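Please examine the model below with attention to how its contacts are classified.

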Amino acid sequence: MVRINENYVKLPESYLFSEIARRVAAYKAANPKADVISLGIGDVTRPLTPSVVEALHRAVDEQAVAATFRGYGPEQGYDFLRRTIIEHDFAPRGVKLEADEVFISDGAKSDLGNFGDILGVDNVVALTDPVYPVYVDSNVMGGRAGELTDAGWSRIVYLPCLQERGFIPALPETRPDVIYLCYPNNPTGTTLTRSELKLWVDYALQNGSLILFDAAYEAFITGEDVPHSIYEIEGARKVAVEFRSFSKTAGFTGLRCGCTVVPKELTVKVDGREVSLNKLWNRRQCTKFNGTAYIVQRAAEAIYSPEGRREVRENVDYYMNNAAIIREGFRGHGFEVFGGQDAPYIWLRTPKGFTSWGFFDRMLDECNVVATPGVGFGPSGEGFVRLTAFGERQRVEEAIERIKTKL
Ligand SMILES: *Cc1c(COP(=O)(O)O)cnc(C)c1O
């Protein structure tokens, strides 16, 4: 008889986005003339930039000619891209990396989900609450979550991110083996300063924990004191893996490219022997992954040309201007708002007496504007909604206008 991985059966249906879609569809059915604007979209709306498109065309032409055709590439990614990433994203921040510490991926989500392949089932995992659901679900699939109870998964250590602490989690009271951190944060849009992140690196060094650091929103940072990479913190190379993505920055959500940094100093003791996570991850990738498409890697490289960098900056500025419009719009209307300064997410406190879903319904009914209920990202998200800055400017302005006149 075929046995399945029964951990998959433990996973509840992902409720959040299907429930949002259901409520929006019901509203539209009852109000066919309503013009609904979403401030909840998690995908970008700006197209690929000219430099990227040009690089794609060039690479396609290379693939069309025997002399320049490329078949299987290195599983870890082409050297030209690994070196370009190091030169532009890490070296200027004083982070020295070698090319074989950077693994090119088809996006951060795959690697964040797959990294558990090389981690034991017995590890205790700590997650912030609210959280990006991929960290939770992939650990359920990997058998590290225990059982689902009213208080969440029995083996997961939850780190509440509360308003009174500026949404910064406190260090755990019980020692976890693996800690997921995402900064700038999705969903709260908040971030950690250098000294705040250092507390976590020091904790991991003292307790022998591994930090899985999701830096997908690094390019949105504006604050001087906010680290772009965890390796800007001394000692982080011994305790942290960093995941990066071109998705939100350069519009690669459909094209698919990112990278994962696994420093060689990152080792774990097995039977008294130091085992390198870099080697294990390399082994895993060589067996289960056949590399990111050549044309996509050329497109990613193009982001780093002088033109490409200017274009990406324009994209990021566009979204961050949206963020400012949303943030100031709600704030000016008497709301408590957080985030939106170093991240394309705004975390909005619901007015007194409104739950996340209650306020979702009110915004939909009265303004025809869609938000994402904060409680959908974890219990500590109750009493908040998440707004995203990925929309088109005119629609964002229209949404804020409705909030001001109708709410
Ligand atoms: C969007 C996002 C990613 C990026 O995912 P890709 O697979 O690279 O598109 C990673 N982490 C978080 C928290 C995100 O919101």
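The following exchange concerns a predicted model and the reasoning behind the terms applied to it.

Q: What makes the approach of Ser247 to the ligand a polar contact?
A: A polar side-chain atom of Ser247 lies 2.5 Å from an oxygen atom of the ligand. A polar contact requires N or O atoms within 3.5 Å, so the pair qualifies. A polar side-chain atom of Asn186, at 2.8 Å from a ligand oxygen, and a polar backbone atom of Ala108, at 2.7 Å from a ligand oxygen, are further examples.

Q: Why is the pair of Phe167 and Phe384 called edge-to-face?
A: The ring centres are 5.5 Å apart and the planes stand at 80°. Pairing needs centres within 6.5 Å and edge-to-face needs planes over 60 degrees apart, so both conditions are met.

Q: Why does this pair tie together parts that are apart in sequence?
A: Phe167 lies in the loop between β6 and β7 and Phe384 in strand β17, so the pair joins parts that are 217 residues apart in sequence.

Q: What makes Tyr345 and Phe390 an edge-to-face pair?
A: Their centres are 6.0 Å apart and their planes lie at 90°, so the pair is edge-to-face. Both Tyr345 and Phe390 are buried, and both belong to one aromatic cluster that also includes Tyr217.

Q: How do you know that the charged end of Arg82 sits over the ring of Phe103?
A: The charged end of Arg82 is 5.8 Å from the ring centre of Phe103. The distance limit is 6 Å, so this value satisfies it. Arg349 likewise lies over the face of Phe384, at 4.5 Å from the ring centre.

Key:
Residues are numbered from 1 along each chain as its sequence is written. This is a predicted model: local features need pLDDT of at least 70, side-chain atom pairs count only at pLDDT 80 or more; totals for chains, interfaces and linings use all residues. Side-chain values use heavy atoms; hydrogens and water are left out. A polar contact is a pair of N or O atoms within 3.5 Å; within protein, one must be able to donate a hydrogen and the other to accept it, and residues adjacent in sequence count only if both atoms are side-chain atoms. Rings of Phe, Tyr and Trp (its six-membered ring) pair if their centres lie within 6.5 Å; planes under 30 degrees apart count as stacked, over 60 as edge-to-face and the rest as tilted. Helices (H or I, at least four residues) and strands (E, at least two) are DSSP runs, numbered from the N terminus. Buried means under 20% relative accessible area, exposed over 50%, partly exposed in between (1.4 Å probe, protein chains only). A charge sits over a ring if NZ of Lys or CZ of Arg is within 6 Å of the ring centre and within 35 degrees of the ring normal.
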